[in-house]
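Work through the exercises below with the sequence and the 3D structure open beside you. Try each task before you read its solution.

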Amino acid sequence: MAKRKKDDEYRTFQDEWTEEFAFVERAGSAVCLICNDKITSLKRSNVKRHFDTRHATFASKYPAGDSRKKACQELLSRVQASQQQLRVWTRQGDYNSASFAGSLAIVRNGKPFTDGEYAKTFMLDVANELFDDLPNKDKIIKRIQDMPLSARTVHDRTIVMANKVEETQVKDINAAPFFSLALDESTDMCDRQFGEVMSLVIRVINFIVARALNDRQFKTLLDEVNNYPGLLLHSNVRWLSRGKVLSRFAACLNEIRTFLEMKGVGHPELADTEWLLKFYYLVDLTEHLNQLNVKMQGIGNTVLSLQQAVFAFENKLELFITDLETGRLLHFEKLSQFKDACTASEPIQNLDLHQLAGCTSSLLQSFKARFGEFREHTRLFKFITHPNECSLNTADLNYIPGVSVRDFEAEVADLKASDMWVNKFKSLNEDLERITRQKAELASKHMWTEMKKLQPEDQLILKTWNALPVTYHTLQRAIYLRPS
């Protein structure tokens with residue numbers, strides 16, 4: 001009987017799980033505050049297993065006790081603030097609240113705004129069967145029918161939420177003692193020259209996709225011609241959508257021109273050589289920038305790997321400049337195809353690729369200026385994984401707040417003389433090399449799900465540094481970049 005009582009107790013959510021494992025109860029399930037995953041079987045072992053395997057970095061950074069309790073409370077406060085904000089957005093009532101919730105789900109999953117109508121139809125079909133035996137079935141169906149979820153509504157709701165998120169982020173950044181860098185491919189990329197290109201693309205897409213009749217007619221045209229998957233509605237929330245939008249727009253360009261002509265809508269730029277030159281350059285360049293962004297995202301990246309990704313892209317920009325100046329266009333696939341088509345139809349036509357080379361050069365200078373601090377502290381970043389090989393000067397150490405230069409230098413001398421700890425970091429770098437090879441192999445096969453299962457690099461690094469005894473306290477604090 002005692003065992004049964006204990007089992008029953010541990011099949012209900014325990015309040016201490018919030019402070020121990022960053023979980024809260026929601027609708028009868030345990031929901032992780034870190035990744036938002038849900039556990040339906042309310043057992044301590046399940047919750048603990050999730051926390052230990054999925055969030056080892058968080059556990060290392062915030063050991064059990066007051067440190068973790070405070071971190072979990074901060075996570076909970078953010079979630080509660082987000083829920084409160086949703087209520088602020090949706091003061092108009094239940095229909096509006098549901099509309100915001102649906103729009104958030106669409107954007108969060110990277111779906112086009114037009115999926116709102118599909119989601120609504122899906123809910124109606126399911127509700128008609130699921131609630132067939134309920135006395136208030138008609139009321140439920142009516143509420144779903146009255147819920148605004150058109151492409152335009154989803155677009156507008158997304159803009160409202162995005163603006164509020166930006167406002168909150170600016171407020172938090174201004175109050176934070178430290179912050180990290182984020183890369184936006186639109187920054188300093190000849191905005192004046194290419195802003196008009198992107199603006200026209202978005203206007204044309206909105207004309208076609210955001211209007212249900214136009215969208216259906218355009219898809220019918222695509223089915224008749226080449227069965228392209230159609231256009232994507234641009235989202236300002238996820239900047240990666242810009243590259244996807246441009247790529248899809250380029251694939252459908254001939255059909256777009258035909259459709260606009262059928263509708264009597266004039267956009268002569270879509271047939272203008274100079275505009276198309278900028279457009280195809282933008283298509284290729286955003287693809288390269290998207291690849292860089294993917295490398296800089298994800299769990300477990302270290303500042304050293306981010307630094308290497310940025311430096312490698314700067315080297316590629318140098319290559320792109322030469323590629324444009326010589327007219328080879330080996331790294332600009334769409335632009336090269338457009339150039340070949342122009343040359344075939346008008347051999348004497350001269351395309352101004354040097355102008356595009358100048359824009360690429362401006363982008364390169366922007367990168368060097370924006371990430372100049374990365375270069376200044378290369379030794380410091382390398383020290384994280386190679387403390388037995390790097391020598392830091394006073395300028396490097398002054399960059400780390402609250403670290404005693406005297407203690408730091410003494411502990412480094414001790415570490416370099418210890419074969420045991422030197423070998424520990426050699427093993428770390430062997431593991432990091434192995435993971436890098438595995439990532440490259442999985443990426444070549446587009447096995448993204450399997451790649452996520454690899455152990456994050458930062459976990460390996462933290463585990464190695466945490467293994468050092470207390471006599472290396474100053475080095476550990478420097479690595480964690482914690483102010484004294």
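The exercises go from the whole protein to its sheet, its helices and a few single residues.

This is a predicted model, in which local features need pLDDT of at least 70 and side-chain atom pairs count only at pLDDT 80 or more, while totals for chains, interfaces and linings use all residues. Residues are numbered from 1 along each chain as its sequence is written, and side-chain values use heavy atoms, with hydrogens and water left out.

**Exercise 1. The whole protein**

Task: State how many helices and strands there are in the protein, and what share of its residues is buried.

Solution: Begin with the elements, which are DSSP runs numbered from the N terminus (helices are H or I with at least four residues, strands are E with at least two). The protein has 25 helices and three strands. Next, take burial, where buried means under 20% relative accessible area, exposed over 50% and partly exposed in between, with a 1.4 Å probe and protein chains only. Of the 484 residues, 39% are buried. Finally, consider contacts, which means heavy atoms within 4.5 Å; among the contacts in the protein with a separation of 6 or more, 65% are between residues 24 or more positions apart.

**Exercise 2. The sheet**

Task: Find the order of the three strands in the sheet, and explain which strands stand at the edges.

Solution: Two strands pair if DSSP finds at least two bridges between them. The three strands form an open sheet in the order β1-β2-β3, with antiparallel pairing. Strands β1 (23-26) and β3 (38-39) each have a single partner strand and stand at the edges, so one side of each is left without a neighbour in the sheet.

Now follow the pairing from strand to strand. β1 and β2 are joined by four bridges, and the bridge partner of Val24 in β2 is Val31. Strand β2 (residues 29-32) is joined to β3 by two bridges, and here Val31 stands opposite Lys38. As for the directions of the side chains in β2, Ser29 and Val31 point one way, Ala30 and Cys32 point the other way, and all are buried.

Last, look at the turns. The hairpin of β1 and β2 has two residues between the strands, and Ala27 takes a positive phi near 55 degrees in it. The hairpin of β2 and β3 has five residues between the strands, and there Asn36 takes a positive phi near 70 degrees.

**Exercise 3. The faces of a helix**

Task: List the buried residues of helix α8 and say where they lie around its axis.

Solution: In α8 (residues 137-146), the buried residues are Lys137, Ile141 and Ile144. Seen down the helix axis, these residues fall within an arc of 60 degrees, so they line one face of α8; the arc is that of the directions from the helix axis to the C-beta atoms. The buried residues of α8 pack against α7 (115-130), whereas Asp138 and Lys139, on the other side of α8, are exposed.

**Exercise 4. Two helices in contact**

Task: Work out how α14 and α16 are oriented to each other.

Solution: Helix α14 (residues 273-296) and helix α16 (residues 333-345) pack with their axes 7 Å apart, at an angle of about 155 degrees. Axes are lines fitted to C-alpha atoms, for helices over the stretch in contact, and angles run from 0 to 180 degrees between N-to-C directions. Angles under 35 degrees count as roughly parallel, over 145 as roughly antiparallel, 65 to 115 as roughly perpendicular and the rest as oblique. The two helices α14 and α16 are therefore roughly antiparallel. The residues making the contact include Leu276 and Tyr280 of α14 and Leu335 and Phe338 of α16.

**Exercise 5. Buried or exposed?**

Task: Decide whether Gly243 and Ala417 are buried or exposed.

Solution: Gly243 lies in helix α12 (residues 240-251) and, with a relative accessible area of 7%, is buried. Leaving out residues up to four places away in sequence, Gly243 touches Thr286 and Asn290. By contrast, Ala417 is in the loop between α21 (405-416) and α22 (419-444), and its relative accessibility of 64% makes Ala417 exposed.
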